[in-house]
Amino acid sequence: MRHGSIPGVHGRVRPLTLLGDPVLHAPCAEVTDFGPELARLVEDLFATMYAAQGVGLAANQIGVPLRVFVYDCPDDEDVRHLGHVVNPRLVETDGVVVRGPEGCLSLPGLEAGTERHDHAVVEGRTATGEPVTVHGTGFFARCLQHECDHLEGRVYADRLSGLRRRRLARQVRRASWSGRG
């Protein structure tokens, strides 16, 4: 991002990829070109995330199988965290495991109690190739783990079991967007 610019203002809102699309269920490729196309992708991710009223968005959620995500997410103290990570690695999760409501722009209108650690650290690069380390606690830690999962080909539904998993599967089948009902 250019210093002082508002992320996404120059981006294009792209269609969201929904649960069931193969791009959501395969690991994403490392970014090797840190040029203008990557900068445009980051802008498009921000524009799409804001249009969908999300707090995070991974590239495969707009059909691009690259290891990139953006976020504009508060933590539990309502401190805003804004940025992006290219080629992220979730290097640390610790603290208390909390089951909290989790949703996803690729499963619109649905959520389920999902267990996540309340502290996470992600290392990666910026769109210009600079190293970046992002520390998250509370809700923001949940966001970081959620977006890293996307880039590994997982959605939060994959973390559910038992009754929660069956209940969410039933809701997915009934959802107007699923094409499964």
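Modeller: Let's start with a yardstick: the expected span of a helix is 1.5 Å times one less than its number of residues. The model here is predicted.

Colleague: How do you know that the length of α1 fits a helix, and what distance does α1 reach?

Modeller: α1 has 16 residues, and its first and last C-alpha atoms lie 22 Å apart. At 1.5 Å a residue you'd expect 22 Å, so α1 comes out close to that figure.

Colleague: And α2, what makes its span agree with the expected one?

Modeller: Helix α2, residues 138–151, has 14 residues and should span 20 Å. Its end C-alpha atoms are 21 Å apart, so the two agree.

Colleague: How many residues of α2 are buried?

Modeller: The count is 13 of 14, so α2 is mostly covered. Just after α2, Gly 153 has a positive phi of about 85 degrees.

Colleague: Back to α1: which of its residues are buried, and what covers them?

Modeller: Among the buried ones are Leu 38, Leu 41, Val 42, Leu 45, Phe 46 and Met 49, along with Glu 43 and Asp 44. Their cover includes β1, β2 and β3. Just after α1, Gln 53 takes a positive phi, about 60 degrees.

Colleague: Which residues touch the most other members of the largest nonpolar core?

Modeller: That core has 16 residues, and the best-connected members are Leu 38, Leu 41, Val 42, Leu 45, Leu 57, Val 68 and Val 70. α1 and β2 each supply at least two residues, and α1 gives the largest share, six. In soluble globular proteins, nonpolar side chains tend to be buried together.

Colleague: What does Val 68 touch?

Modeller: Leaving out residues up to four places away in sequence, the contacts of Val 68 include Val 31, Leu 38, Leu 41, Leu 57, Val 85 and Leu 151.

Colleague: Why is Cys 104 called buried?

Modeller: Buried means under 20% relative accessible area. Cys 104 has 10%, so it counts as buried.

Colleague: And why is Cys 148 called buried?

Modeller: Its relative accessible area is 7%, so Cys 148 falls under the 20% cut-off too.

Colleague: How many disulfides does the whole structure have, and how do you know?

Modeller: A search finds zero. For Cys 104, the nearest cysteine sulfur belongs to Cys 143 and is 11 Å away. A disulfide needs the sulfurs within 2.5 Å, so Cys 104 is in none.

Colleague: Why is Cys 148 not bonded to Cys 143?

Modeller: The sulfur of Cys 143 is the closest cysteine sulfur to that of Cys 148, but it is 9.3 Å away, so that's too far for a bond.

How values were computed. Residues numbered from 1 in each chain as written. Predicted model: local features only at pLDDT ≥ 70, side-chain atom pairs only at ≥ 80, totals over all residues. Heavy atoms only, no water. Core = buried A, V, L, I, M, F, W, Y, C linked by side-chain atoms within 4.5 Å. Buried < 20%, exposed > 50% of the residue type's maximum accessible area, 1.4 Å probe, protein only. Helix = DSSP H or I, 4+ residues; strand = E, 2+ residues; numbered from the N terminus. Contact = heavy atoms within 4.5 Å.
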